[in-house]
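The paragraphs below lead through one protein structure. Keep the sequence and the model in view while reading.

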Amino acid sequence: MAQIDENNRSGRAGALLKLGLLAVILIGGYVAAARTPLGAYLTREGIGEAIELLRGNPWAPLIFVATYATATALAVPGTILTLAGGALFGFYWGTLFNFLAANIGANAAFALSRTLGGDGVRRLMGDDSAALRKLDRVVGKHGFRGLLTLRLIPLVPFNALNFGSGLVALKWRNYAIATLIGILPGTAVYTFFAHSLLQGSLEASRDALFGVLLAGALLILLSFLPAILKRLGVKLPGMSAVVVPLVGLSFAGRPAAAVQETTAPPLPDHSVFTQVLAEIVEGPLVNYSRLAADPARLNRYIATLASTDPSALAAAGEGDQLAFWINAYNACMLKRVIEHYPIRRAGGLRRLRNAAAGRPEHSVWQIDDVFTGAHCPVAGADRSQDEIEHEIIRPMGDPRIHLAINCAALSCPPLISQAYIGDTLDRQLDERVIAFVRDPAHFEVSVADGAPTVRVNRVLDWFNEDFGGHEGILAFLAEYLDGADRNAAADPAARLVFFDYDWTLNDAPH
């Protein structure tokens, strides 16, 4: 055992040493670009001198590709080099050389990050980290689509994606293919822009001016490409869980001024949602009839969710992000219900499936694809309830969310009459757990023959992995209990039992 501990300590030290070496290399790249004569050639003035030195040189393509690839591997910003490629070699050859150099450098950066940083990050987080396991699952399932989407958006920092991808469990093949496909449109547009701009400066002609304007329009269009594809029905499903955190990672490395420029749209004011909830929440029930009769404020709030800039959301604090998505889930669930209110019994195969599963007639399961259908616009994309819950909220790693999001069933932990706010989120979630353990409909302790039985809502069983398994559920609840209930939950002999779940709609009588 002592030998194993010694090996673990040695492995951790080695991993952290490699992580430190990666930091030194990246700092060295920054210093070379900003503090040495070499970096002077990466300025707008210096790049012009470099172009003149290389123009007409037979080795220019090789020198350019090697320089660009090396700079990318060291996380030196390469946008100005892409423009230089267009100005130096023209559109066709410039696109080829830029594309080749960017791919070589991106894959080198990924390899460097994976080799020196990946193990160190895992050692810091802990190999048994629940958050790490969740991140691995999400990246393994959606990493290719998420990265491809970000590669198609030219405003997302290129180098941050290169190194960030190496630190997560993304397969190299998926990374390489997503990069190969994703950067081609942006590379071509940037190269075309530089070539057109140079032509415009050399020839004050209408055609040259048109080229510059067209290139600018293409660049703007490319920034909205994922949204356009989504609107046309060409979907990249399941990308949200990867896109949101990676956008945050990407913008984290930018200077503060740059972040402010790209994250100008603020997060929604949740007070509108509080007004909605205050009018319709009646204890554990919801007055859907009243909401269906006057959905204007709910629709207005969801419109603000739809227009939220994903980059602004990703740059926000963890509390603000989690509060945003909990409110989004609850608001979208309300929208789902009132769009089909009063709920009618389903027909056909869905009726048979519901009957076989014992689902009541007056429940959301009568709605087609109630949890899987992408019906609600949030942060620039149509989302399903399952996507928001399983791909965005749960990977954030706070199990208390299961007592805050509401699936419109009697057995679901109830809505509260106010929206969740980032500044007060921790207190609000603690209050939900305390209310949960004080409600006999969700929590109960009994003792028979000296052995305690703890009965809890079946929601905790469905998502027990988020609590660390069944033993983790008892340990989690014990933190919010006192007296005999706390002793019962902490008792190793305690028996954990789950209430039957009632899917009947949590509709207030009217």
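**A small sheet and its surroundings**

S446 has T453, a residue of strand 6, as its bridge partner. The model in which this pair is found is a predicted one. The pair belongs to the joining of strand 5 to strand 6, which is made by 6 bridges, with the two strands running antiparallel. Between the two strands of this hairpin there are 2 residues, and D449 takes a positive phi near 55°.

On to the next strand. T453 also stands opposite R495, which belongs to strand 7. Another pair is R455 with V497, its bridge partner in strand 7. Strand 6, which covers residues 451-456, and strand 7 run parallel and are joined by 4 bridges. In general, strands of a sheet pair through backbone hydrogen bonds, and the pairing can be parallel or antiparallel.

Put together, the 3 strands make an open sheet in the order 5-6-7, and its pairing is mixed. Strand 5 (443-448) and strand 7 (495-498) stand at the edges; each has a single partner strand, so one side of each is left without a neighbour in the sheet. From one strand to the next, the twist averages 25°.

Helix 22 lies across strand 5, strand 6 and strand 7, and its direction is at about 95° to strand 7. How many of the residues of helix 22 are buried? The helix spans residues 469-478 and is mostly covered, with 7 of its 10 residues buried. These are G469, G472, I473, L474, F476, L477 and A478.

**The nonpolar cores**

One of the buried residues of helix 22, L477, leads to the next topic. The largest nonpolar core has 76 residues, and L477 is among the members that touch the most others, together with W325, I326, L334, V364 and L460. Helix 16 gives the largest share of this core, 13 residues. As a general point, nonpolar side chains in soluble globular proteins tend to be buried together.

L334 can serve as an example of how such a core member is surrounded. Leaving aside residues up to four places away in sequence, L334 touches F273, L277, I280, V286, Y288, L291, L298 and L415. There is also a second, separate core of 16 residues, which includes A60, L88, A101 and A102.

**Charged pairs**

The structure holds 13 salt bridges. One of them is between E279 and R297, whose closest N and O atoms are 2.4 Å apart. Helix 12 (residues 271-280) contains E279 and helix 14 (residues 296-306) contains R297, so the pair ties together parts that are 18 residues apart in sequence. Are the two residues buried or exposed? E279 is partly exposed, at 39% relative accessibility, and R297 is partly exposed as well, with a relative accessible area of 26%.

E282 and R290 form a salt bridge too, at 4.0 Å from N to O. E282 counts as partly exposed at 33% relative accessibility, and R290 is partly exposed with a relative accessible area of 41%.

A further salt bridge joins the side chains of E361 and R345, at 3.5 Å from N to O. This pair links distant parts of the chain, 16 residues apart: E361 is in the loop between helix 17 (348-357) and strand 3 (376-378), and R345 is in the loop between helix 16 (318-338) and helix 17. R345 counts as partly exposed, at 43% relative accessibility. Elsewhere, D398, R400, D426 and D430 are joined into one network by salt bridges that share partners.

**How far to trust the model**

The last topic is confidence. The mean pLDDT of the protein is 77, and 65% of its residues reach 70 or more. Among the elements, strand 2 (residues 285-286) has the highest mean pLDDT, 98, and helix 11 (residues 256-262) the lowest, 39.

Two stretches call for care. Residues 199-215 have pLDDT below 50, and beyond near neighbours in sequence this stretch has 13 contacts in the model. Residues 232-265 also have pLDDT below 50, with 59 contacts in the model beyond near neighbours in sequence. Where pLDDT is low, the predicted coordinates should not be read in detail.

Note on methods: Residues numbered from 1 in each chain as written. Predicted model: local features only at pLDDT ≥ 70, side-chain atom pairs only at ≥ 80, totals over all residues. Heavy atoms only, no water. Buried < 20%, exposed > 50% of the residue type's maximum accessible area, 1.4 Å probe, protein only. Pairing = 2+ DSSP bridges. Axes fitted to C-alpha atoms, helices over the stretch in contact; angles between N-to-C directions. Contact = heavy atoms within 4.5 Å. Core = buried A, V, L, I, M, F, W, Y, C linked by side-chain atoms within 4.5 Å. pLDDT = per-residue confidence, 0-100.
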